[in-house]
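Biologist: I should be grateful for a close look at a single part of this protein, with enough of its surroundings to place it. Please choose one strand and describe how it sits among its neighbours.

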Amino acid sequence: MTTVRLNSADPVSIATDALIVGFRSGQDGPRAATGAESLEAAFGGKLADSLRAVAFTGKAGEVAKLPTFGAIAAPLLVAVGLGDSPDAEGLRRAAGAAVRSLAGTSSAALALPTGTPEEAEAVALGGLLGAYAFARYRTNGEQKAPVAELTVVSGQPDGVAERAGVLADSVALVRDLVNTPPSDLWPAKFAEIAEQEGTKAGLSVEVLDDKQLKDGGYGGLIGVGQGSANPPRLVRLSYTHPEAGKRLAFVGKGITFDSGGLSLKPSASMDWMKSDMGGAGAVLGAMIGIARLGLPVNAVGYLCLAENLPSGTAQRPSDVIHSYSGKTVEVLDTDAEGRLVLMDGIARAAQDEPDLIVDVATLTGAQIVALGWRTAGVMANDDAARELVVEAAKAAGEGAWGMPLPEELRKGLDSPIADIANLQPERWGSMLAAGIFLKEFVPDGVRWAHIDMAGPAFNKGEPYGYTPKGGTGAITRTLIGLAERHASI
């Protein structure tokens with residue numbers, strides 16, 4: 001596990017394996033950013049020339065390495081581009097890219113701009129997130145270990161590093177869960193991990209098994225999970241604070257593997273469906289982070305866990321299920337299963353009388369078509385709630401965009417035999433129609449927002465910034481940020 005600390009010493013004197021220095025881009029080439037002014041003198045005014053010689057320009061995310069030949073205490077200098085005027089997210093990404101490039105190195109110091117506590121935290125958090133690696137199944141030892149010790153050159157309070165550590169731990173847990181193959185993460189196992197980690201963080205944890213779910217009327221969870229030998233679970237996590245005045249409820253989609261059920265997915269769309277529990281992972285990570293930070297807010301989290309497989313016992317297209325809310329749903333497509341488990345979780349969460357319900361899900365491929373792999377779609381039954389979520393995501397550096405819930409799409413969900421169908425027949429507006437479906441299960445007067453993060457939860461491409469290949473831990477920090485905003489209300 002990577003550790004981080006702050007040190008206000010001159011960066012040229014810090015004993016470390018590598019010194020990471022930020023450079024801004026300019027018309028005359030790269031120039032050292034705030035926090036690294038003493039380096040030019042240490043290198044005799046030739047540092048910028050050396051970087052230009054290796055074609056380093058200082059553009060955002062660019063990384064170059066130079067030996068120091070004893071000019072400073074660290075034997076290796078790592079220059080990372082900050083672009084023109086980096087914000088907190090730019091600092092996070094730069095720190096992450098630089099630290100990731102040093103895999104196999106024991107220690108590194110980051111001399112990036114840290115003039116405010118927010119900047120110092122961004123550098124520390126970016127470095128920690130960039131140091132992530134998932135090596136549980138590696139047996140050949142070829143994967144280099146991430147940097148073990150990070151030092152952020154800053155005079156800011158030590159609490160900055162502590163908070164960054166909590167956030168990074170929460171994200172790393174979610175990444176680990178998303179990266180774990182479904183053979184090792186079925187609903188009951190996920191629930192066991194949630195109970196262990198949640199209890200350790202001070203959360204109250206309740207787990208409902210399949211018998212309790214059936215007796216309790218959770219038709220969505222039972223229906224989706226009935227085709228698998230691994231039955232569904234519903235996990236309730238609770239955090240209370242004596243000074244809290246607000247209550248939040250988070251509901252996460254936790255399909256530990258999604259084959260599509262009898263409405264089987266194409267094989268090319270199935271290999272990364274281990275990530276379909278990313279919403280439940282984000283809720284678990286956020287609840288643990290909220291508890292560890294001791295935020296003055298009350299929060300509950302629901303993990304709606306099921307495995308969606310085809311078998312002789314699987315639910316069929318045209319089945320009608322009875323949801324926890326009492327409404328009936330005609331199942332037209334068993335691959336539209338996430339909304340079926342979420343409808344039960346949302347209805348249950350409403351009984352906690354929260355000030356806001358936020359559900360998080362890798363819900364639709366349409367989200368990726370509409371917004372790409374890095375931007376989640378946010379829908380809500382309240383404009384202010386939608387904007388609050390978008391703002392929290394932006395502050396955390398997680399892409400999110402507010403989307404509408406057009407009333408005319410509701411008719412496409414009409415069923416001739418049930419209260420509602422789980423899918424509209426047309427393809428257009430599919431992400432929005434899924435949100436409209438979920439809205440039907442939110443009681444009147446309850447504020448609710450829905451985050452569709454099908455793309456952002458899993459990075460199928462190359463690493464970038466502090467984001468690794470595979471599980472990203474997306475939206476975890478957004479949920480923690482929402483809790484902090486409610487704590488200040």
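Modeller: A residue counts as buried under 20% relative accessible area, as exposed over 50%, and as partly exposed in between. With that cut-off in hand, please keep in mind that the model is predicted.

Strand S1, residues 3-7, serves as a brief introduction to the idea of faces. Val4 and Leu6 make up the covered face of S1, whereas Thr3, Arg5 and Asn7 form its uncovered face. S1 pairs with strand S7 (residues 149-153) in the parallel sense, over 5 bridges. Leucine 6, from the covered face of S1, has valine 152 as its bridge partner in S7.

The part I have chosen is strand S14, residues 356-361. In S14, 6 of 6 residues are buried, and the strand is mostly covered. Leu356, Val358 and Val360 point one way, while Ile357, Asp359 and Ala361 point the other way. The residues of both sets are buried, in contrast to S1, where one face is uncovered.

S14 has parallel pairings with two strands that can be described in turn. With strand S10 (residues 247-258), S14 pairs in the parallel sense over 5 bridges. Within this pairing, valine 358 of S14 is the bridge partner of phenylalanine 250. With strand S18 (residues 448-452), S14 also runs parallel, and 5 bridges join the two. Here aspartate 359 stands opposite histidine 450 of S18. Aspartate 359 is thus named twice in this account: as a buried residue of S14, and as the residue facing histidine 450.

The approach to S14 along the chain is also worth examining. Helix H10 (338-350) and S14 are connected by a loop, and glutamate 353 lies in that loop. Glutamate 353 has a positive phi of about 55°, although it is not a glycine. Its relative accessibility is 68%, so glutamate 353 counts as exposed. The loop residue glutamate 353 is therefore exposed, whereas the residues of S14 are buried.

A second residue with a positive phi offers a parallel case. Phenylalanine 69 has a phi of about 50° and is not a glycine either. Phenylalanine 69 is placed in the loop between strand S4 (63-67) and strand S5 (76-83). With a relative accessible area of 78%, phenylalanine 69 is exposed.

The partner strand S10 leads to another loop. Serine 263 lies in the loop between S10 and helix H9 (278-293). In contrast to glutamate 353, which is exposed, serine 263 counts as buried, at 19% relative accessibility. That value falls under the 20% cut-off for a buried residue. Leaving aside residues up to four places away in sequence, serine 263 touches Pro317, Asp333, Thr334 and Asp335. Serine 263 and alanine 336 are 73 residues apart in sequence, yet their C-alpha atoms are 8.9 Å apart in space.

A separate, open sheet consists of 3 strands in the order S12-S13-S17, with mixed pairing. Strand S12 (320-322) and strand S17 (420-421) stand at its edges, each with a single partner strand, so one side of each has no neighbour in the sheet. Strand S13 (residues 328-330) pairs with S17 in the parallel sense over 2 bridges, and valine 329 stands opposite isoleucine 420 of S17.

Among the helices, H13 (residues 430-439) has 8 of its 10 residues buried, so H13 is largely enclosed by the rest of the structure. The buried residues of H13 include Met431, Leu432, Ile436, Phe437 and Leu438.

Finally, the whole protein gives the setting for S14. The protein has 14 helices and 20 strands. Its radius of gyration is 24 Å, close to the 23 Å that the globule rule gives for 489 residues, so the protein is as compact as a globular protein of that length. The C-alpha atoms fill a box of roughly 80 × 50 × 40 Å along the principal axes. Of the 489 residues, 58% count as buried. Among contacts between residues at least 6 apart in sequence, 76% join residues at least 24 apart. The exposed area is about 19,100 Å², of which carbon and sulfur atoms supply 50%. The protein carries 43 positive and 57 negative side chains, and the centres of these two sets lie 3 Å apart.

Definitions and conventions:
Residues numbered from 1 in each chain as written. Predicted model: local features only at pLDDT ≥ 70, side-chain atom pairs only at ≥ 80, totals over all residues. Heavy atoms only, no water. Helix = DSSP H or I, 4+ residues; strand = E, 2+ residues; numbered from the N terminus. Rg over C-alpha atoms; globule rule 2.2 N^0.38 Å. Buried < 20%, exposed > 50% of the residue type's maximum accessible area, 1.4 Å probe, protein only. Contact = heavy atoms within 4.5 Å. Areas by Shrake-Rupley, 256 points an atom, 1.4 Å probe, with all protein chains shown as cover. Lys, Arg positive; Asp, Glu negative; His and termini not counted. Charge placed at Lys NZ, Arg CZ, Asp CG, Glu CD. Pairing = 2+ DSSP bridges.
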